[in-house]
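User: Could you walk me through this protein–DNA model, one interface at a time?

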There are 2 protein chains.
Amino acid sequence: MGTKGEQCRQRIIAAADTLFYEQGFNHTSFSDIADAAGIARGNFYYHFKTKDEILQGVIEKRLEDFRAMLAYWDETISDPRKRLRRYIQILTRQQQDIEHYGCPIGTLCNELAKLQHAQLNDANQMFEIFRQWLEAQFRQLGRGRQARHLALHLLAWAQGVATITNAYSDPAFLRREAKQITAWLDGL
Amino acid sequence: MGTKGEQCRQRIIAAADTLFYEQGFNHTSFSDIADAAGIARGNFYYHFKTKDEILQGVIEKRLEDFRAMLAYWDETISDPRKRLRRYIQILTRQQQDIEHYGCPIGTLCNELAKLQHAQLNDANQMFEIFRQWLEAQFRQLGRGRQARHLALHLLAWAQGVATITNAYSDPAFLRREAKQITAWLDGL
DNA sequence: GTCTATATCGAGATAGAC
DNA sequence: GTCTATCTCGATATAGAC
């Protein structure tokens with residue numbers, strides 16, 4: 001696979017990643033992606049045979065991005081409590097996107113579940129990456145036995161905040177809840 | 001409007017309600033609804049001119065159903081704490097649907113937000129009905145100043161549980177969290 | 001009020017020139 | 001490897017018979 005083709009493939013995936021988040025998977029057409037990536041519709045099928053293959057590419061890209069981000073946090077933040085606080089900062093930093101489009105992971109999983117799409121089990125690996133990382137942090141805080149449940153609880157809390165913030169378009173709610181989550185973490 | 005036509009209209013709305021929940025709004029076609037309602041495709045347009053009008057009908061039906069349910073709870077349950085516990089029981093009683101399709105309110109709002117659909121502001125009234133009712137219960141528990149925030153917090157918590165349960169298809173997580181929410185309510 | 005038949009459009013996907 | 005032109009299908013929506 002040549003360099004030029006690979007660059008084109010990356011552009012398609014990047015464009016699809018954004019559009020799937022902002023418009024949803026089903027509602028995003030090949031034309032939308034082609035326009036955003038600056039290529040012709042027909043050129044898709046050299047890189048991806050079906051729309052599902054693009055979805056696969058987007059999920060894999062996100063998984064890599066998330067893994068890289070968490071690895072970077074592990075390198076640069078030594079205190080597990082501070083790492084958890086950094087996780088919560090995703091909410092406040094991505095405030096505007098969440099307000100308009102919700103959580104990129106939760107909304108994609110929701111959509112794929114309703115489509116009874118086979119790739120739901122690939123998409124929920126995005127949750128799984130965060131869950132495992134969160135679990136490791138709780139374990140380092142001496143919460144070995146509850147670590148897994150605490151991780152899922154925190155994941156769910158953040159999801160709920162994203163859904164309500166999105167439905168009401170209410171960033172003030174997001175900020176209030178982010179503070180509460182931080183307080184909860186500090187109390188552990 | 002005659003009785004026969006009104007019955008047909010109700011059948012269409014009931015079928016659309018279920019299908020929008022199970023398959024999503026966009027992914028549900030007129031043919032799907034017609035088949036489920038047992039009518040011909042062409043007969044739709046006597047009752048609804050566009051798909052958005054069906055959506056409107058579904059949202060209004062849900063709003064009425066929710067209002068009726070909450071009014072019934074107000075009549076039959078006198079203790080506000082028990083009313084809140086009844087609210088949480090939605091999660092455990094609807095466990096299987098949530099596992100497969102998520103929350104009917106949250107997932108519809110998510111979808112409409114991504115479609116930049118004008119009726120998001122009608123759909124989030126479904127949240128609003130519950131929020132106001134929850135707020136009234138917290139107020140009766142002497143939580144006047146925080147009642148609104150507590151109501152939104154509880155809404156978000158339930159949403160998060162629904163999203164994670166759906167993504168992982170994990171009813172055990174739902175039951176664990178439902179217990180935690182109940183414990184939190186009892187501690188207030 | 002309900003039906004069948006059909007118009008129209010945009011989607012995913014393909015063929016083949018360059 | 002990228003393009004233009006095109007196929008096919010399923011969607012919303014309409015017309016008009018009954």
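User: How many residues of chain B are in contact with chain A?
Analyst: This is a predicted model, in which local features need pLDDT of at least 70 and side-chain atom pairs count only at pLDDT 80 or more, while totals for chains, interfaces and linings use all residues. Residues are numbered from 1 along each chain as its sequence is written, chains are lettered from A and ligands numbered from 1 in the order in which they are written, and side-chain values use heavy atoms, with hydrogens and water left out. Taking contact as heavy atoms within 4.5 Å, chain A contributes 39 residues, and the number on the side of chain B is 39.

User: Which residues of chain B lose the most area to chain A?
Analyst: Buried area is the accessible area (1.4 Å probe) that two parts lose on being put together, summed over both. Chains B and A bury about 3,200 Å² between them, with 59% of it on carbon and sulfur atoms. Together, three residues account for 22% of what the chain B side buries: Asn110(B), Lys114(B) and Tyr168(B).

User: How many residue pairs are in polar contact across the interface of chain B and chain A?
Analyst: A salt bridge needs a side-chain nitrogen of Lys or Arg within 4 Å of a carboxyl oxygen of Asp or Glu, and the rule finds 0 of them across this interface. A polar contact is a pair of N or O atoms within 3.5 Å; within protein, one must be able to donate a hydrogen and the other to accept it, and residues adjacent in sequence count only if both atoms are side-chain atoms. With both residues at pLDDT 80 or more, the number of pairs is 16.

User: Which element gives the most to the side of chain B that touches chain A?
Analyst: Helices (H or I, at least four residues) and strands (E, at least two) are DSSP runs, numbered from the N terminus. Elements giving two or more residues to this side include H1, helix H8 (120-140) and helix H9 (147-168) of chain B. With 14 residues, the top contributor is H9(B).

User: What share of the atoms of DNA strand C within 4 Å of the protein belongs to sugar or phosphate?
Analyst: A residue is near a strand if one of its heavy atoms lies within 4 Å of it, and 17 residues surround DNA strand C, Phe30(A) and Ala40(B) being among the closest. A phosphate oxygen of the strand is 2.7 Å from a polar backbone atom of Phe30(A), and one is 3.0 Å from a polar backbone atom of Ala40(B). Bases make up the rest of those strand atoms, and the sugar or phosphate share is 69%.
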